[in-house]
Amino acid sequence: MRVHLPMAVTLAYCLVLSCPAPGLAQGQLAVDGTATYRERMALPPDAVFEATLTDVSRADAAGQAVGQTRIEQPGNPPFHFSIPYDPGQIQPNHIYAVRGRIVEGNRVLFTSSQRYQVLTQGHGSEIGMMMMQRVQGSGQTEPAAVPLRETYWKLEEIAGKAVSPAEQQREAHLIFSAQGGRVSGSGGCNRIAGSYEVSGASLQFRGVASTRMACARGMETESRFLGSLEQVRRWKISGRELQLLGSDDTVLLSLTAQPQ
């Protein structure tokens with residue numbers, strides 16, 4: 001005989017015995033988040049929101065998906081989502097991040113412009129995600145790109161690997177001066193300054209140096225940042241994202257425009 005318990009009794013029973021959250025299989029956990037975009041536009045009726053949890057530990061290889069969720073006909077933003085995952089697949093020394101996008105058939109309408117790190121290295125399991133409009137096909141107008149100069153460019157990735165500021169440190173960033181070809185910013189620990197030469201899509205840094213303060217954390221990231229600047233030969237801006245590329249068009253650094 002099946003006994004139907006009152007809701008209050010069921011909730012108390014689950015609190016004691018750690019019942020899985022609704023929609024999760026036994027033993028699964030979830031990354032929860034909200035996603036939105038700035039454009040004031042309605043999505044087509046057949047749009048689908050997708051969010052993927054990926055292991056991005058290896059900079060020289062494609063990330064491995066460990067969880068994904070899809071929401072058909074998501075309506076208007078913000079979109080609330082939950083990505084189930086098996087905690088047994090999570091390695092404490094690995095890096096995990098979430099990317100989101102909105103698609104219509106084979107067309108990508110919106111995509112997150114950065115990876116949102118979760119679960120390990122001090123990151124939690126909740127995120128707020130901002131997505132950018134993607135332009136594909138003819139008859140559409142591409143959103144105006146922000147200018148290279150006099151924009152605060154926050155460092156997001158080095159060689160495809162997400163970076164975040166160490167505790168009690170500034171975020172790594174660059175600002176290209178409109179006068180004198182000077183560039184300034186921070187590597188996270190130290191201030192950096194130098195010059196740059198730009199001609200069309202070509203870009204090269206000259207004499208970039210940093211102050212010599214030693215920090216307990218973040219020095220490895222700062223060193224990789226400065227080393228990558230020496231290899232930059234080209235640049236490309238898409239929307240609010242700046243990509244600095246090497247001589248073979250490999251993306252060395254990804255930065256996003258931030259309000260100053």
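# Strand pairing, helix α2 and salt bridges

Glutamate 50 is buried, at a relative accessible area of 9%. This is a predicted model. Glutamate 50 takes part in a salt bridge with arginine 101, their closest N and O atoms lying 2.8 Å apart. The points below cover the salt bridges, then the pairing around strand β8, then helix α2.

**Salt bridges**

- The count of salt bridges comes to seven.
- In the pair of arginine 101 and glutamate 50, arginine 101 belongs to strand β5 (residues 96–104) and glutamate 50 to strand β2 (residues 48–55), so the contact ties together parts 51 residues apart in sequence.
- Arginine 101 is partly exposed, with a relative accessible area of 36%, whereas glutamate 50 is buried.
- Another salt bridge joins glutamate 171 to lysine 154, with 3.9 Å between the closest N and O atoms.
- That pair links distant parts of the chain, 17 residues apart: glutamate 171 sits in the loop between β10 (161–162) and β11 (173–176), and lysine 154 in strand β9 (residues 152–158).
- Glutamate 171 is partly exposed, at 25% relative accessible area.
- Arginine 206 forms a salt bridge with glutamate 197, and their closest N and O atoms are 3.6 Å apart.
- Both ends of this bridge are partly exposed: arginine 206 has a relative accessible area of 37%, and glutamate 197 has a relative accessibility of 47%.
- Glu50, Arg70 and Arg101 are joined into one network by salt bridges that share partners.

**Pairing around strand β8**

- Strand β8 (residues 126–133) pairs with strand β1 (residues 29–37) in the parallel sense, over six bridges.
- Within the pairing of β1 and β8, tyrosine 37 has methionine 131 of β8 as its bridge partner.
- Strand β8 also pairs with strand β6 (residues 107–112), here in the antiparallel sense and over three bridges.
- The bridge partner of phenylalanine 110 in β8 is glutamine 133.

**Helix α2**

- Helix α2 spans residues 219–231, which is 13 residues.
- From first C-alpha to last, α2 reaches 19 Å, close to the 18 Å expected at 1.5 Å a residue.
- The buried residues of α2 are Glu222, Phe225, Leu226, Ser228 and Leu229.
- Viewed down the axis of α2, these buried residues fall within an arc of 160°, so they line one face of the helix.
- Glu220 and Glu230 are exposed and lie on the face of α2 turned away from its buried side.

Key
Residues numbered from 1 in each chain as written. Predicted model: local features only at pLDDT ≥ 70, side-chain atom pairs only at ≥ 80, totals over all residues. Heavy atoms only, no water. Pairing = 2+ DSSP bridges. Helix = DSSP H or I, 4+ residues; strand = E, 2+ residues; numbered from the N terminus. Expected span 1.5 Å × (residues − 1). Buried < 20%, exposed > 50% of the residue type's maximum accessible area, 1.4 Å probe, protein only. Arc of directions from axis to C-beta. Salt bridge = Lys/Arg side-chain N within 4 Å of Asp/Glu carboxyl O.
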